Each structure stands twice: as C-alpha cells, then as structure tokens.
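Biologist: Please take a close look at one helix for me, and then set it against the rest of the chain. Keep it brisk.

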Amino acid sequence: PGSRSAVRPLADGLSMGESAQQRCIWEALAMGEERAVKNMDLGAFDWHSPHPVFGSPLHAILFGKLIVSADEESDTNELNNGFDDLINADYSERKSRLSLLRFAMRCGADPHVVAPRQCDVSRWWGGERGGDSMKPISFAGRSAFECLLAAKRSIKLRHQDPNDDADWTDELKAVDEAVEILARSTGAAFNTIAVPEGVVATWESALADTASADVVIRVKSTSVKEDEDEVQAHAAVLQGASAVLKAMLSTQAMREGAQKVIEVAGHSSGAVRLLLALIYTGTVSNTDEGPDVNTILSTLDLAHRWQLLHVVQMLAAAAAQRVDADSFEAAADAALRLELPPLLSSCRAFAAAHPREMRARLASRGGSGPAVGFQSAAVRSDVEKVLSGEGSEGVPQKRRRRAL
C-alpha cells in the first residue's frame, strides 16, 4: 500500500542555518540509509533536536520527510518523492529502518520530542483511496511515539474493516516492533560529552598496544583448562577506572598486585574484551548490531563487581534496548540483582506487552523453547506483579498502549 501526505509550501529560509553535513544526516535518516548514517560524523548532531521539515530524528526514521515543498510534489509519485517511511517500505528497507531506530535510541534520541508547528501536515496509507477509509494522522505538536501509536490505530482499524481486501499484517508487525523499541527508553541519568574521533582512536591504539601492557587478565569461562584465555591490559588505566581494581593491583600482599594477574571465572573472553573497550574508549566496533545480549549481560556483571559505574550504566542502557523473549529472564534477573531501574523498567515493559507468553512461562515448570519456565524466583515474582498490575510503577502507562 502506498502513502499520501497533505502538502504545504516549504517555509522560506527553513534550513539556512544548517550545514551541508547536517542536511545530509537528516536526509539519510529520512531515507532509512542505515549504513550511511552509521558511517557519518555524528559528533555534532543533536539527537534531541526538533526540525521544521523532518520533525525530529525519530520522526524522520519512522515517517521520512514530513514537509514536501510544492515544487517537489509529483502527482504520480506516492512515495513522498524518494522519502519512504516504515509503513510503506519493503521488507529490506523496514529492517534497515528498525535497525536505524535502535541505533538512534542508543545515541540518545528522545521519542517524546514533538514535531514543530511547521510540520502541519497529515498522512494516510493505502494509495489514493486510503484517505477515504483511513483516518489520517497529523504530526505538528506530536511526538514520534504519539504519531506511531496513532498510525497503528489507523492501520488496525483499516485492517479490521471487512470491506477492505488489503492485508496490513506486515505493516502492523513493523509498527509493533517500532513501538517496542521506543518503549525501551533507558532513562539513563549519566552525562556524555562529544570528543574528537582522534581521541577515541588514540585510546584504541593504547588498548591494542600489548607490548606496553603490564597486566594479564586470565579468563576461565568453564572448568576445562582448554577454555582458558588471556587478555592484556594496562595497570594505570584499570586503576584509574576502578577503585576495586586499584586496590587489587596496588597491594603487594594480594596476588593480583604481586603477580599483575587477574583471574576471571565464569565469563567469556569476549565479555572481558568488551569491558576493556568500554573502559578505554567508551565505544565498541561499528558492527551491524554490536555485541549480543548475553555478552552484554555477562560484561555487566563483571563491571558491577569491579564497581565500574559508568560502564555499568552504558551496558544497562544497551541491554535495555535488546530485551527479547530469549534474553528476558537473564536481563530481568540482572536488573533485580544489581538494582538497575532503567533495565528493570524495560523488562517490565516487555512483560506487560507479552502477557500470553509470560503466563505460559509462569505455568511451565520446565520444558524448552519460548514456553520454558522461569528459573529465577525473583523474576517469577516480579512478572506476577506486573501481570497483576502491582508492578505498574515500573511500566509507564504509554507502554500499555501496545495492546490497542
């Protein structure tokens, strides 16, 4: 199904204050160009900013370009002149836009930034006939989250119309996934600053410089000796980052201080390497999805043990964005054990959004697959409270709209 937007003239001087680089970022977001956005220099880009043409970064990813000037509009082009949107995109572009949406949320984009009054347009889906049977949604003064929920209501009503022979299943599935991503607002209360890329590159080089490393982290993921691995690091960096590590490495009476060897059991070398990357640079390699959630949660435990609080916050925020059916119990268990409210809020939001699956797991005492029972008594108790409404303080009311 195609989409149509009500068109208004482009405001004069709308983007005169923007650099060409900033305009490219906005256009790439609106076109769903995931790889292009991730390869751009985003150091000066404000993920919280409203925009008179694109609404906000999340509006752009979800709905493309909101304001199309009269000279850009084409009577034969129903795809907003190359600026498609999540609902009207094909499978490949939807996947790219959803991945870009996750990336934007990790960068700090706010789903509650409202589109400026200049975005006084409405949109509907279903081609030329869509406007007759589908309630249009408007953007001015509404956040990306509000617009997404409005789009879901509009499409769902159309999908349930017995006189409409169009199948909107795929569109609704994509919208549901986007709602879930936006609902996982981390609420992390830590400050970040932009630094030149060269600073990060310098610390990446320091981490990779094993010749000057003076500490060995011996990793034992299992009791089997063949599963041991060694990762090298620098005592000065570790001591500067963690009071726990400083005590271990500076006290000659302790084995770690005397031998400069730290034993780590029950974690993979991947988790230790992720921890070091965050200690040294605060970043990870720019891969498609980054580390998997199990590695993140393992690293989170280790960072908490060594009291690397800023790393804990980064990892908790990343885990909150990745909660799914497979990782739910592990994530919820970590959130409850380590007392991490943002991660716990995301887990409770997931539980509230998937009541049938949660009840099936509560009823199961064993089994395998999606219906496997909860192993953690604390998680089981918390899920029961969420489903009964007692744990609603951890689930903002807007998240319950997923059931509409």
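Modeller: Here is the helix, followed by the wider picture.

This is a predicted model. The helix I chose is H17, residues 355-363. Three of its residues are buried: Met358, Arg361 and Leu362. They span an arc of only 105 degrees around the axis, so they sit on the same side of H17. The general rule fits a helix of this kind: there are 3.6 residues a turn, so residues three or four places apart point the same way. The other side of H17 carries Arg356 and Ala363, which are exposed.

What covers the buried residues? The cover includes helix H15 (328-337), helix H16 (341-353) and helix H18 (377-388).

Arg361 deserves a second look. Its side chain meets that of Glu329 in a salt bridge, at 3.6 Å from N to O. Glu329 lies in helix H15 and Arg361 in helix H17, so the pair ties together parts that are 32 residues apart in sequence. Both Glu329 and Arg361 are buried. H15 is thus named twice here: it is among the helices that cover the buried residues of H17, and it holds the salt-bridge partner of Arg361.

Now the other salt bridges. The count comes to 15. One of them joins Arg97 and Glu93, with the closest N and O atoms 2.8 Å apart. Both residues lie in helix H4 (residues 91-106). They are four residues apart, about one turn of the helix. Arg97 has a relative accessible area of 1%, so it counts as buried.

Arg218 and Glu263 form another salt bridge, with the closest N and O atoms 3.3 Å apart. This pair links distant parts of the chain. Arg218 is in strand E4 (residues 215-220), Glu263 is in strand E6 (residues 261-265), and 45 residues separate them. Arg218 is partly exposed, because its relative accessibility is 25%. Glu263 is partly exposed as well, at 29%.

Back to Glu329 and Arg361 for a moment: both are buried. Elsewhere, salt bridges that share partners join Arg218, Lys220, Glu228, Glu230 and Glu263 into one network.

Next, the aromatic rings. The structure holds eight aromatic pairs. Trp26 and Phe54 are one of them: their ring centres are 5.8 Å apart and their planes meet at 15 degrees, so the pair is stacked. Trp26 lies in helix H1 (residues 20-30), while Phe54 is in the loop between helix H2 (34-39) and helix H3 (57-63), so the pair ties together parts 28 residues apart in sequence. Both Trp26 and Phe54 are buried. Ring pairs also draw in further residues: Trp26, Phe45, Trp47, Phe54 and Phe103 are linked into a cluster.

Another tryptophan takes part in a surface feature. Ile193, Val195, Val199 and Trp203 make a nonpolar surface patch of about 390 Å². Trp203 is found in helix H8 (residues 197-208). Its relative accessible area is 38%, so Trp203 is partly exposed.

One loop residue is worth a stop. Pro291 sits between helix H12 (269-280) and helix H13 (293-305). At 25% relative accessibility, Pro291 is partly exposed. Leaving aside neighbours within four places in sequence, its contacts are Leu274, Val284, Ile296 and Arg322. Pro291 and Ala271 are 20 residues apart in sequence, and their C-alpha atoms are 9.0 Å apart in space.

Last, the whole protein. It has 18 helices and six strands. Of its 404 residues, 47% are buried. Among contacts with a separation of 6 or more, 67% are between residues 24 or more positions apart. The salt bridge from Glu329 to Arg361, between parts 32 residues apart, shows such a separation because its partners lie in H15 and H17. The protein exposes about 19,500 Å², and carbon and sulfur atoms supply 50% of that area.

Notes. Residues are numbered from 1 along each chain as its sequence is written. This is a predicted model: local features need pLDDT of at least 70, side-chain atom pairs count only at pLDDT 80 or more; totals for chains, interfaces and linings use all residues. Side-chain values use heavy atoms; hydrogens and water are left out. Helices (H or I, at least four residues) and strands (E, at least two) are DSSP runs, numbered from the N terminus. Buried means under 20% relative accessible area, exposed over 50%, partly exposed in between (1.4 Å probe, protein chains only). Contact means heavy atoms within 4.5 Å. The arc is that of the directions from the helix axis to the C-beta atoms. Accessible areas come from the Shrake-Rupley method with a 1.4 Å probe; for residues, only the protein chains shown count as cover. Patches are made of residues with over 30% relative accessible area and no salt bridge: like charges are joined within 9 Å, nonpolar side chains (Val, Leu, Ile, Met, Phe, Trp, Tyr) within 5 Å. A salt bridge is a side-chain nitrogen of Lys or Arg within 4 Å of a carboxyl oxygen of Asp or Glu. Rings of Phe, Tyr and Trp (its six-membered ring) pair if their centres lie within 6.5 Å; planes under 30 degrees apart count as stacked, over 60 as edge-to-face and the rest as tilted.
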